Amino acid sequence: MPAQLGTPPASALALAAAYRSDQTDPVAVVDMLLERVAALDAEVGAFVTVTADEARAAALSARDALRGSGADALPPMFGVPTALKDLTPTAGIRTTYGSAAFADLVPDTDGSTAVRVASAGMISLGKTSTPELGLPCYTEPDVAPPARTPYDLSRGAGGSSGGAAAAVAAGLVPVAVGSDGGGSVRIPASSCGLVGIKVSRGLVGGTPEEIDVSGLAGPGTLALTVGDAAAMLDVVALTGSRMLDACGRAVHGWHRHGLATPLGLPSLNRVIREPALVPMEFSSRFDATSRTYRYTIHNDEVPDPFSVHGAWHV
């Protein structure tokens with residue numbers, strides 16, 4: 001990794017909080033992330049189309065809004081960079097559906113997901129790669145290089161939201177929109193060490209303009225943390241902050257230091273992006289009353305894969 005590249009945000013919600021405390025602003029963040037895209041995307045194959053000019057213009061507007069008198073009323077994810085899967089139509093921006101047959105297609109109107117993301121004040125850096133019509137469980141379209149997991153560039157990022165997962169895992173965006181009918185968010189999340197949500201049917205309003213051959217797909221989210229995934233779900237499902245608020249409520253069976261599991265298996269209360277790369281310490285104790293094991297996770301530092309992966313050592 002080039003030494004001059006900036007460190008990506010630790011999470012989308014942390015970035016949103018940093019905006020409001022004047023620690024940074026959308027212009028600086030978008031510029032930094034676009035630098036990372038330019039340096040790293042050729043290897044991870046996250047993007048089909050990068051919309052740098054549009055992103056920078058949106059960042060300027062977002063910075064002005066955050067400095068204005070109505071900043072407190074802005075949506076929670078306002079100004080946070082993201083990316084749209086290339087199954088979502090975008091007005092004036094190439095939408096290939098992962099197919100050579102649509103390699104030069106430029107829609108006239110935005111799809112529902114694009115509208116919801118823009119309405120939340122989020123800033124799209126472009127369109128992420130997907131296989132042809134979103135059908136395969138790997139992301140190797142004719143219109144773009146294959147999407148790879150940044151933890152091992154010899155392996156794929158899964159599909160069909162492989163480009164979105166590669167973008168988040170590589171620190172190109174802190175959170176991204178995917179879609180899932182048969183594993184298209186869950187498989188890439190697993191391949192890239194992320195939190196992925198495939199929503200329950202009916203939670204997200206219909207998106208008939210987006211290709212869904214199976215009739216089972218719906219928008220989903222890919223993120224570094226559970227909170228980020230929930231906040232992004234609030235954006236695409238138009239649920240305000242209901243999903244994010246639910247992350248802070250106590251749930252029966254959960255413990256502050258982890259989830260009690262009857263089989264004695266570790267269950268983590270936050271994403272582990274790559275066990276081999278994340279410094280962790282497990283401590284367990286047997287609870288004679290509940291007959292469960294409880295695990296304490298020490299992961300104060302979750303590294304950027306490109307700062308430790310052998311292919312990118314500097």
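Among contacts in the protein between residues at least 6 apart in sequence, 70% join residues at least 24 apart. Keep that in mind as you open this predicted model, and let's walk through it together.

**The whole chain**

Start with everything selected and a cartoon view. You should be able to count nine helices and 10 strands. Now switch on the surface: its accessible area comes to about 14,100 Å², with 53% belonging to carbon and sulfur atoms. Of the 314 residues, 52% count as buried.

**Into the core**

Hide the surface and select Phe47, Met122, Leu125, Leu172 and Leu194. These are the residues that touch the most other members of the largest nonpolar core, which has 66 residues. Next, colour residues 26-44, helix α2. This helix supplies nine residues, the largest share of that core.

**A helix pair**

Keep α2 on screen and add α3, residues 52-66. How far apart are the axes of α2 and α3, and at what angle do they pack? The axes are 8 Å apart and the angle is about 155°. Because that angle is over 145 degrees, α2 counts as roughly antiparallel to α3.

To see the interface itself, show side chains. On the α2 side, pick Pro26, Val27, Val30, Asp31 and Leu34. They meet a set of α3 residues that includes Ala52, Ala55, Arg56, Ala59 and Leu60. Further members of the α3 set are Ala62, Arg63 and Leu66.

**The sheet under α3**

Stay with α3 and look at what it covers: this helix lies across β1 and β3, running at about 160° to β3. Select β1 (47-50), β2 (81-85) and β3 (123-128). Together they make an open sheet in the order β1-β3-β2, with mixed pairing. At the edges are β1 and β2, each pairing on one side only. Neighbouring strands here are turned by 35° against each other on average, direction ignored.

Zoom in on β1 and β3. The two strands run antiparallel and are joined by three bridges. For a handy landmark, label Thr49, which stands opposite Lys127 in β3.

**A second three-stranded sheet**

Now move on to β4 (175-180), β5 (195-198) and β6 (218-223). What is the order of the strands in this open sheet? The order is β4-β6-β5, and the pairing is antiparallel. Here the edge strands are β4 and β5, each of which pairs on one side only. From one strand to the next, the twist averages 25°.

Focus on the β5 and β6 pair, where four bridges join the antiparallel strands. One place to centre the view is Val195, whose bridge partner in β6 is Ala223.

**Stops in the loops**

Select Pro76 first. You will find this proline in the loop between α3 and β2. Is Pro76 buried or exposed? The answer lies in between: Pro76 counts as partly exposed because its relative accessibility is 43%. Leaving aside its neighbours within four places in sequence, Pro76 is in contact with Ala16 and Arg20. Add Met122 as well and draw a distance: the C-alpha atoms of Pro76 and Met122 are separated by 9.6 Å, although the two residues are 46 apart along the chain. Met122 is a familiar name from the core stop, being among the residues that touch the most other members there.

The remaining stops concern backbone geometry. Most residues other than glycine have a negative phi, and most peptide bonds are trans. With that in mind, try these selections:

- **Tyr97**, in the loop between β2 and α4 (112-119). Its phi is near 55°, a positive value in a residue other than glycine. Tyr97 counts as buried because its relative accessibility is 9%.
- **Leu238**, in the loop between α7 (226-237) and α8 (242-246). Phi is near 55° for Leu238, again positive in a non-glycine residue. Leu238 is exposed, with a relative accessible area of 60%.
- **Gly159 and Ser160**, which are joined by a cis peptide bond with omega of about 10°. Ser160 belongs to the loop between β3 and α5 (162-169).

How values were computed. Residues numbered from 1 in each chain as written. Predicted model: local features only at pLDDT ≥ 70, side-chain atom pairs only at ≥ 80, totals over all residues. Heavy atoms only, no water. Buried < 20%, exposed > 50% of the residue type's maximum accessible area, 1.4 Å probe, protein only. Contact = heavy atoms within 4.5 Å. Core = buried A, V, L, I, M, F, W, Y, C linked by side-chain atoms within 4.5 Å. Pairing = 2+ DSSP bridges. Axes fitted to C-alpha atoms, helices over the stretch in contact; angles between N-to-C directions. Areas by Shrake-Rupley, 256 points an atom, 1.4 Å probe, with all protein chains shown as cover. Parallel < 35°, antiparallel > 145°, perpendicular 65-115°, else oblique.
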